[in-house]
Amino acid sequence: MTKPWTRWQDWAEVAIGVLVLLSPLVVETSNAAMWTMIVLGALIAIDGLVDLAMPAMIYGEYVQMVLGALLFISPWVMSYTGMMEASWVSWIGGVLTVAAGALAMPAANKAHSAAAQPH
């Protein structure tokens, strides 16, 4: 069974979330772009921490992939595609978040199965 705080994919999710969260400090944003990146970055980082603490929780990886997809589409939905740096942070962060969630899924399934079996 996967031990808590050891899965590299979840550490990657935390790092991506923190970078997205802090990116409005260094890239030009509108008010909508700034708050979108802060909120989604924080949610990605928090979900990554929860996944690290509870590695058998499968639905956390699904949440992570949904958050990544939301981050990816946010430049279009929140109308900040004209701000290229902010858009690229969202697009790259979104793709990496979805990829990290998908890569963590087999380990989460294995940990969940091991936790469900009687000892």
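1. M65 is in contact with V98, G101, A102 and M105, leaving aside its neighbours within four places in sequence. The model is a predicted one. M65 itself sits in helix α3. A further long-range pairing involves A104: its C-alpha atom and that of M65 are separated by 10 Å, while the two residues are 39 apart along the chain.

2. Helix α3 (residues 59-77) packs against helix α2 (residues 31-53) at an angle of about 160°, and the two axes are 10 Å apart. Because angles over 145 degrees count as roughly antiparallel, α2 is described as roughly antiparallel to α3. The crossing of this pair is left-handed.

3. On the α2 side, the contact with α3 is made by T36, L40, L43, I44, D47, G48 and D51. The α3 side supplies G60, E61, V63, Q64, L67, L70, L71 and S74. By class, the residues of this contact comprise seven nonpolar, five polar and three charged.

4. α1 also packs on α2, again at an angle of about 160°, with axes 7 Å apart. That angle makes α1 roughly antiparallel to α2. The crossing of α1 and α2 is left-handed.

5. From α1, the residues in contact with α2 are D10, W11, E13, V14, G17, V18, V20 and L21. Those of α2 are M37, I38, G41, A42, I44, A45, G48, L49, D51 and L52. Here the division is twelve nonpolar, three polar and three charged.

6. I44, G48 and D51 of α2 deserve a look in both interfaces: they are listed in the contact with α3 and in the contact with α1.

7. The largest nonpolar core has eleven residues: I16, V20, V27, A33, M37, L40, I44, L67, L71, Y80 and A86. Elements giving two or more residues to this core are α1 (8-22), α2 and α3. The largest share, four residues, comes from α2.

8. Which residues does L71 touch, not counting those up to four places away in sequence? They are V20, L40, I44, S90, G93 and G94. Among these, V20, L40 and I44 belong to the largest nonpolar core, as does L71. L71 is also one of the α3 residues in the contact with α2, where L40 and I44 are on the α2 side. V20, for its part, is among the α1 residues that contact α2.

Definitions and conventions. Residues numbered from 1 in each chain as written. Predicted model: local features only at pLDDT ≥ 70, side-chain atom pairs only at ≥ 80, totals over all residues. Heavy atoms only, no water. Axes fitted to C-alpha atoms, helices over the stretch in contact; angles between N-to-C directions. Parallel < 35°, antiparallel > 145°, perpendicular 65-115°, else oblique. Left-handed = near helix turned anticlockwise from the far one by under 90°. Contact = heavy atoms within 4.5 Å. Nonpolar A, V, L, I, M, F, W, Y, C, P; charged D, E, K, R; others polar. Core = buried A, V, L, I, M, F, W, Y, C linked by side-chain atoms within 4.5 Å. Buried < 20%, exposed > 50% of the residue type's maximum accessible area, 1.4 Å probe, protein only.
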